[in-house]
Amino acid sequence: MLKKNNKIKLIKYYDFINYNLIYNNKAINRYKKDNFELSEDKSENLEKLKKSIINLKNCDLKNGANNMVFCDGNPKAKIMLVGEAPGANEDKEGLPFVGRAGMLLDKMLAAINLDRKKVYISNIINYRPPGNRKPTDKEIERYLPFITKHIEIINPKILVLLGSTAMNALIENNTVISQMRGKWIEKKFGNCKTSVIITFHPAFLMRQPAQKKMAWIDLKMIRDKKIN
Ligand code: URA
């Protein structure tokens, strides 16, 4: 039996060490979502987002890749483009769209007087899927919160989705891209309200050059869109 004085001392000690907090019987959540609050500072938010992607655990894509591919271009741009996933060149350089598809993308942008200083570019997935295969539904689901946050941070007036992977992931439908391209869709990503347009992925256009005329219609829509 503890003497009264000792008992009081022990209670005071437990209070002091914040006993209740230390012996919390909740399970440790090892997969805790990175649910950080956005600050006023875009670059700080981008850094935090980058870190939370780098800190991802148990990701086969990450384990098999050389570099994380986060973005290219101007974070202050009013136009953001989202592709699918890095390929071999992007994985080597750590930048999106630097291979052959990227060269065509640069030409498409130049055709409407844009370049990488005037737009911001990222992908649905930040690590290269092995052998350039399409990302699986599970991989897309895992990376979706990051690209959604990324869009919210950049807060673009126009969001260009390149190809069906970006379309299906961010517009949540299973319609074919040929029916969805070339239309403006108003959409919210967190606090970001933006005008979305879907167009063909440049890698698809390299395989199907006859579709370039449709992509040109989409590009002119982007060029002519009034943004405030
Ligand atoms: N294709 C993409 O979708 N993204 C890249 O970064 C490169 C090729």
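Trainee: Which elements each supply at least two residues of the lining of the largest cavity?

Mentor: In this predicted model, the largest cavity has a volume of about 40 Å³, and its lining includes Leu-81, Leu-105, Val-160 and Ile-222. Elements that each give at least two residues to that lining are H6, strand S4 (158–162) and helix H11 (212–224).

Trainee: Which element gives the largest share of the lining of the largest cavity?

Mentor: The residues that line the largest cavity include Leu-105, Met-108 and Leu-109, and helix H6 covers 100–111. With three residues, the largest share of this lining comes from H6.

Trainee: How many residues in the lining of the largest cavity are nonpolar, polar and charged?

Mentor: Among the residues that line the largest cavity are Leu-81, Leu-162, Leu-219 and Thr-199, and Thr belongs to the polar class whereas Leu belongs to the nonpolar class. Divided by class, this lining has eight nonpolar, one polar and no charged residues.

Trainee: Where does the ligand sit, and which pocket is the space it takes?

Mentor: The ligand is surrounded by Gly-83, Glu-84, Ala-85, Glu-90, Pro-96, Phe-97, Asn-123 and His-201, and these shell residues divide into three nonpolar, three polar and two charged. Two of the surrounding residues, Glu-84 and His-201, are also among those that lie nearest the centre of the second largest pocket. The space that the ligand takes is the second largest pocket.

Trainee: Which element gives the most to the lining of the second largest pocket?

Mentor: About 650 Å³ of space lies in this pocket, and 29 residues line it. Helix H5 (88–93), helix H6 (100–111), helix H8 (164–171) and helix H10 (202–207) are the elements that give two or more residues to the lining. By class the lining has 13 nonpolar, ten polar and six charged residues. The element that gives the most, with four residues, is H10.

Trainee: What distance separates an oxygen atom of the ligand from an N or O atom in the side chain of His-201?

Mentor: Polar contacts to the ligand can be taken residue by residue, beginning with the backbone. A polar backbone atom of Glu-84 is 2.7 Å from an oxygen atom of the ligand, while for a backbone N or O atom of Phe-97 the distance to a ligand oxygen is 2.9 Å. For the N or O atom in the side chain of His-201, the distance to an oxygen atom of the ligand is 2.7 Å.

Trainee: What percentage of the ligand's accessible area does the protein cover?

Mentor: On its own, the ligand has 240 Å² of accessible area. Of that area, the share that the protein covers is 92%.

Terms used. Residues are numbered from 1 along each chain as its sequence is written. This is a predicted model: local features need pLDDT of at least 70, side-chain atom pairs count only at pLDDT 80 or more; totals for chains, interfaces and linings use all residues. Side-chain values use heavy atoms; hydrogens and water are left out. A residue is near a molecule or strand if one of its heavy atoms lies within 4 Å of it. A polar contact is a pair of N or O atoms within 3.5 Å; within protein, one must be able to donate a hydrogen and the other to accept it, and residues adjacent in sequence count only if both atoms are side-chain atoms. Accessible areas come from the Shrake-Rupley method with a 1.4 Å probe; for residues, only the protein chains shown count as cover. On a 1 Å grid over the protein atoms alone, a cavity is a set of points where a 1.4 Å probe fits but cannot get out, and a pocket is an open set with protein on both sides within 12 Å along at least five of seven lines; lining residues have an atom within 4 Å of a point. A molecule sits in a cavity or pocket if more than half of its atoms lie within 2 Å of its grid points. Grid points are joined across faces, edges and corners, and a volume is the space filled by probe spheres set on the points.
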